[in-house]
Structures are given as C-alpha cells and as structure tokens.
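Hello,

Here is the structure I promised to pass on. Have a look at it first, and then read on for what turned up in it.

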Amino acid sequence: MAEEHFDVLTKSGEKTGVSKPRHIFTIHRDGDYHRAVHVWIFVETTQELLLQLRSDDKDSWPGQWDISSAGHISAGDPSLISAQREMEEELGVKLPKDAFEKIFVFLQECVTNNGKFINNEFNDVYLVTVLHPIPLEAFTLQKEEVSAVKYIPYEEYRNLLAKEDPAYVPYDVNGDYGELFEIIRQRCQVNAEARSLSLQKQLQRYSPVTLEAKLTDLSEGDQKALGLIVKAAKVIDDIFYEQVWQSNSALRDWLKEHANAAELDKLKWDYFLINKSPWSSLDENEPFLTTADSAVKLLPEATKPIDGWKGLEYRAAFPLTKPPGANFYPPDMDKLEFNLWLSSLTEEQKHAATGFFSIIKRRSEANLDDKKKLPESNSDLYSVPYSEIYRPFLTKASELLHKAGDLATSQSLKKLLHSKAEAFLSNDYYESDIAWMDLDSKLDITIGPYETYEDEIFGYKASFEAFIGIRDDKATADLKLFGDNLKLLEDNLPLDSVYKSKDVSAAPIRVIQLIYNSGDVKGPQTVAYNLPNDEKIVKDRGTSMVMLKNVQEAKFEHILKPIAEVIISKEQRGFVDFDSFFTHTICHECCHGIGPHTITLPDGETSTVRKELQELHSAMEEAKADIVGLWALKFLITKGLLPKSMVESMYVSFLAGCFRSIRFGLTEAHGKGQALQFNWLYEKGAFVFHKDSTFSVDFTKVEDAVESLSHEILTIQGRGDKKAATLLLNNYCTITGPLKTCLEKLESVKVPVDISPTFPLADALMN
C-alpha cells in the first residue's frame, strides 16, 4: 500500500506541488502549511455539541477534549471526502456528503511539545446538524485516536474555551473560531417575527404580474400539443433544480410540504420559488435560509444498530456561499485540479469535459458498477453526459415532446419537437438547434440546455430552460430591419478589422407573448434571448433572437417608469419611453451575434471567447451586447434606418435601465455588466449627477464614451485577454457614491426591482 502524503501549501493556502510523507510527520517538524478538516456534530433539539477525548498517545493535545472529528487531508484528496472518512474512522458514523455543511476555513498557527510540533494548518470546518443525540453506545471509537465522546451545551463549551480550561484543546473563541458559535447561536435564537418581516421585504421587491396570450390563432393540433409541451417544460424545471445545487430538489420538496405550517414557512416557500434556491438573487446570492430550515433525512444504518433507536436524523446541509460550480462539478474541486485532469485528456475527451452538455464527477464517489465502466486514469475526475446523468427526466420530457410533435400542425414545429426529443437522449443538440433557428410557427418553443450563467467557475456548462409563447406577427415583421443589418453592423464595429467576424449572417428575430417559462429563469425575469451559444452553430448559421414583449411591457410599466420618476432629472424624464427600451433590447440581443466568438490566439491556436475568458465571459458578453447595442442604435440612426428623434430617448432610457439592471446585484452577469457600463460612462462625463440626487445624460459626450467602451470590450474579447477582462471588471464593477445614493433612494420609495409572473393559462393546461 502506498504511503500517505500531505500536500505542502503556501502561506495563502495554495498548493506548492510538493507533498511530504505522513509517517515521520515532517509536515509538523518543518512547520509546513497543510490542510485538514474539522467536523462538528451539533444536536438541534438539545443545542449540544459532540466532543471527543483525544487519546493519551496523540502527538498533540493528548487526553484533552476536542472537535467531534478531525484529520489531515491526504495529498490529492478532496476535503469533503476526508471529512466523511474521518467521521467514519474515528466515530463509526457513516454519513452522505449532504450531511456536511462547510461553514468556514480556519488557519491554525501554533507551536507545542517544546517546539517539536509546529502546526500551520488550514482547516475546512464542517457542521453536521442532527435532530436528536446519537446514543453514545452507537459510536464505534477508533481507540488509538479517541478515548471517549460526550455531549456538552454549546454555550457552556464556549465559556470553557474562553476561560482556557486545561481539559479542552484551546481555540480562540474571540477570534476566527468564534464564528462557529455565532452561527449556532443565530440558528438557536430565531426571531420568527423578524425573519418574516425580512422575507416580506425581499418579496416586495418583486411586482406580481399575470402573463398570458390568446390561443385563438393556434390550430387545433397545436393547441393539443401545447399542453404536452407545458408538461415537458415542467420536467425542465425539475432538471434545473438539480443543476443549481446537489440537495436543491430535496429542499424544495421539504419547503413545499411544510409551507402551510406557519406564516414564516409560507414566506420561505414563496421566496424560494422566486429564486429556485436558498440564495437570494437580488442580494449578491446571500442565503435567506440556513441548514436549520432544511430537509430532515433518516439514516437507520449510519451507525451500529441500537435497540429502540430508529437511527440518525440529520438536516440536509447547504453551504452559506452559493457553490460557484453549481452542481456541474464536485463542490470541493478547484481550477487547478480540473486543469491538471484536462491536460491528461485526449482532444475528444477535452471537448466533452469543457463542453456545454456534461457534468464532472469524482471516481471516488461513484458506485462499483459505474467505476467498472470508467477508463483508467490517475485523476479522480471524470465527465458524464447530460443524457446519462439526467436520463429519467429527459426520457419523460422526450416522450412528451414526441407526442406533441405528432399532434402539431406546423411542419417546422413538428421538426423542432421531434429533433429536440431525440437530442435529449443522444446529447447531440446540433440538429435540434438548427430546427429551432428555422422555426416558423405561431406557437413558439425554446427548450433545452442553453445559458451558462450558473457555471461561475468556467462558464462551460449549460442550464436547462424553457420558454413557451405565442408569436406576435406584426411586431415580428416590424423588427426585420435589425436582423437584416447584422453584417453591416459587424463591418462597422469600433474594432480593429483583424478581430471582426467574416461570416456574419442575418439573424431572424421573433417577438412572442410569453405564456410559460421554466428552468433557468430565477430572480430577475428574462426579457429576450439570443441563441444558440454553441460557437460551431454560431459560425455555421449565426443566431436567432426571441423578444418577450409582454415581459418587457410589464417591466417598463412596473419598474422602469417608476425608476425614471425618481432618478432621471426632471428636464429629461420625458425622454424615457417604451419604444426606446424595447428597441435597445432588440439591439442588445442582435449584438450577441456579432463581434468576436471564435478567435485566433497569439500563438496561432484557434479558441473561443468563452473558453478564454471562462467565468468572466458572461459578464463581459452582457456588457458587450448592452453597450455595442447602444452604439448600433446610433449607427442605424446615422445611416437613416431609424428616426433621428430616437437619439435623446434611447440614451436617457438606457440611463434609467442601468439602475434597473444594477439592482439585480453585482454577482449576476447582467448587473455586473451594467455596473461596468454605468461607471465608465459616468467617468467619461456622459452621465451627470446633480445636487438633487438625479442623473441626466450629456448628449455632447455620450456618443464618444459609448464607442470607447465598445472598442475596449470588443478588443478584450478579440484577444481572449482574461487578464485585461479581470482588470476592467475589478475597476468598474463597483457601487460608487452617486450610484449608491440613487439605489438607496429607490429602495426608500420601494420601487420594485423586478416582476414575479404567474401563468394561469399554463397552470390550467397542467391540471
């Protein structure tokens, strides 16, 4: 058996690439920085912590009471697996990964044993919340590590540590480790009334609206197909819940089941439905729930059996910080581990690993049957296609779409539904996305994995979503101008010619009245989209745009007009109108289809903007589409393709729209991109702040400012320059003084941040 090694870290916690053997403990002799796990078992009903008595033979702190379970992380091992292993080895408690809540990282730096034991340790601190005490006789103690275990009230334990009682391993409860006790205190001392008021305020930021459309122009066959499509879209919602976070679906089911228990429970459920997770989209993804609100699960065989005891009940934990990799990657995977694995793969395997339609898993967590199917590898990581990991959901959705395709009258709709149903099971979406671009039907459907906003590690993985609407033929005909002039816009972009695309084609634009959406539509509602994102299809066929007109009308009436009344100077307030808001949204979506996509790097290699900018791509792309969209409007006006009367209204409506998007938060791609634009234009003098805390546009400066930022972003994309993108976002994605003043002003007068739609027509079809 290979000897166990520990990774040596830098003082900031990064791996050095060096590891040292365990047996002689050179790590502690030399004072090397390394990693370990601390796992605390907290009993919810008794408010106690489980402590272990360290063996008298331990090198450090022998014979003293300490953490429930702890241990080093072996070289190359994930933190979470180490936590699970230590719990089982030391206490005989076998728990699944959703029982472990990582609450913080604690750096312990101390010297004991007369200078012979130097402990420089980064500890991943986990909390396991059980409902009732585990009987002491249920534990199987590892005698060479643990002599005994006991329960102690968490406040009593904190006081003993504060007094530096010699029977207990010391921790500075007034320092970083005090966070453990503060987290527990907050969960034990819940003020239901205060929490209810807080959730009510969060809910009030969304203005309830009803969205529907007339079905009278649909053929009988399409009307019958519609009900099946809505049911398939509901399945898409189930997949998205799985994609956000590993225990998200269990939490959803638990909250729904208990929604009528009390007013607070109803508010939790209502706000969860808006965010589709326990993290608030409008609050920089701050959690509005804790593990104390989570689902209770029973594990009869977590320990050795005890007569009369049904087994261990625990709260399914979720992290205080929203996982940047959602459920697409192991929660403890970092970029270094991924890139090392990637470098060992063939080109075909790399494409699968970084592609839109796969998730990354660990071999060490796979069952025996799955492990047998995997090719040999030195890495713990492997990729699984969506068609396999979501097979039960996709099989059901595929069957519904095939049935809908059989009923549909429109031939292009038939083709889309059947090809998308096949793609769900084959994992090849090329033909179905071409069919979506060619859709010419009164009933307009978008369904499948598309946007990559949830993948904040790399921006590789696509989330499932669905939009169902009725095409507005008149509005669609009116917008042909924009799709037809994409090549003209590309050729005249404020960008060096070397970075311009040579094969831009006209982009079809469809305007719909939305009757249902699902999947990756959480928090702020989507007003339009430009798809697909697959660079191969973009290169071969371009993109198509869909505008959700009734969503945009609702946002203009409920949000943008009230914002303008508060924030825009009295002299320019009249320039804010729906046509300018709607037209800029069109140009925003058009501009996703122009500019750099497939690029050539300085070394001659071909790549894509998405792969080079990774997690920064979404924010940069949204900023590009916005600011270049504004540039494009002025360009089309200059060419006589749009009326000159739009100039003032488009700039002032854009200014008002900045506040709408920034209020989404700076962790969200649209909000981050909008902050970049606002601060750039403000710095250039294009936006002017007045003494009465209102803003106006300086029409003499705004055109140059828009063009300069367009050139900056497009050039960064053309070069695939992640360093420059990081610098630009760091410098401009901030809430400056005047911006903060206006945001607080909007908050004080309770202007809604977004809308919360209901879909009565779709609801009726699902019943």
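**What was found**

Let me start with Ser463, which sits in the loop that links strand 17 (443-449) to strand 18 (464-471). Please keep in mind that this is a predicted model. Is Ser463 buried or exposed? Its relative accessibility is 0%, and the cut-off for buried is under 20%, so Ser463 counts as buried. Leaving out residues up to four places away in sequence, Ser463 touches Phe240, Gln243, Phe328, Gly448, Pro449, Tyr450, Glu451, Glu454 and Asp520.

**The sheet**

The two strands on either side of that loop bring us to the sheet. Strands 17 and 18 belong to an open sheet of five strands, with the order 17-18-19-21-20 and mixed pairing. Which strands are at the edges? They are strand 17 and strand 20 (528-531), each of which pairs on one side only. From one strand to the next, the twist averages 35°.

Within this sheet, strand 18 and strand 19 (residues 509-519) run antiparallel and are joined by seven bridges. To find one of these pairings on your screen, look for Ile468, whose bridge partner in strand 19 is Tyr516. A helix also packs on the sheet: helix 20 (residues 549-567) touches strand 19, strand 20 and strand 21 (544-548). The direction of helix 20 makes about 80° with that of strand 19.

**Two more residues to visit**

Next, please go to Leu401, in helix 13 (residues 391-407). Leu401 has a relative accessible area of 0%, so this residue is buried. Not counting residues up to four places away in sequence, Leu401 is in contact with Ile229, Ala232, Leu417, Lys420, Ala421, Phe424 and Ile447. How far apart in space are Leu401 and His588? The C-alpha to C-alpha distance is 31 Å, while their positions lie 187 residues apart in sequence as a separation.

Finally, Val18 is part of strand 2 (residues 15-21). With a relative accessible area of 43%, Val18 is partly exposed, because that class lies between the 20% and 50% cut-offs. If neighbours within four places in sequence are set aside, Val18 is in contact with Phe6, Asp7 and Val8. Val18 and Ala75 are 57 residues apart in sequence, and their C-alpha atoms are 9.2 Å apart in space.

Enjoy exploring, and do write back with any questions.

Best wishes

Note on methods
Residues are numbered from 1 along each chain as its sequence is written. This is a predicted model: local features need pLDDT of at least 70, side-chain atom pairs count only at pLDDT 80 or more; totals for chains, interfaces and linings use all residues. Side-chain values use heavy atoms; hydrogens and water are left out. Helices (H or I, at least four residues) and strands (E, at least two) are DSSP runs, numbered from the N terminus. Buried means under 20% relative accessible area, exposed over 50%, partly exposed in between (1.4 Å probe, protein chains only). Contact means heavy atoms within 4.5 Å. Two strands pair if DSSP finds at least two bridges between them. Axes are lines fitted to C-alpha atoms, for helices over the stretch in contact, and angles run from 0 to 180 degrees between N-to-C directions.
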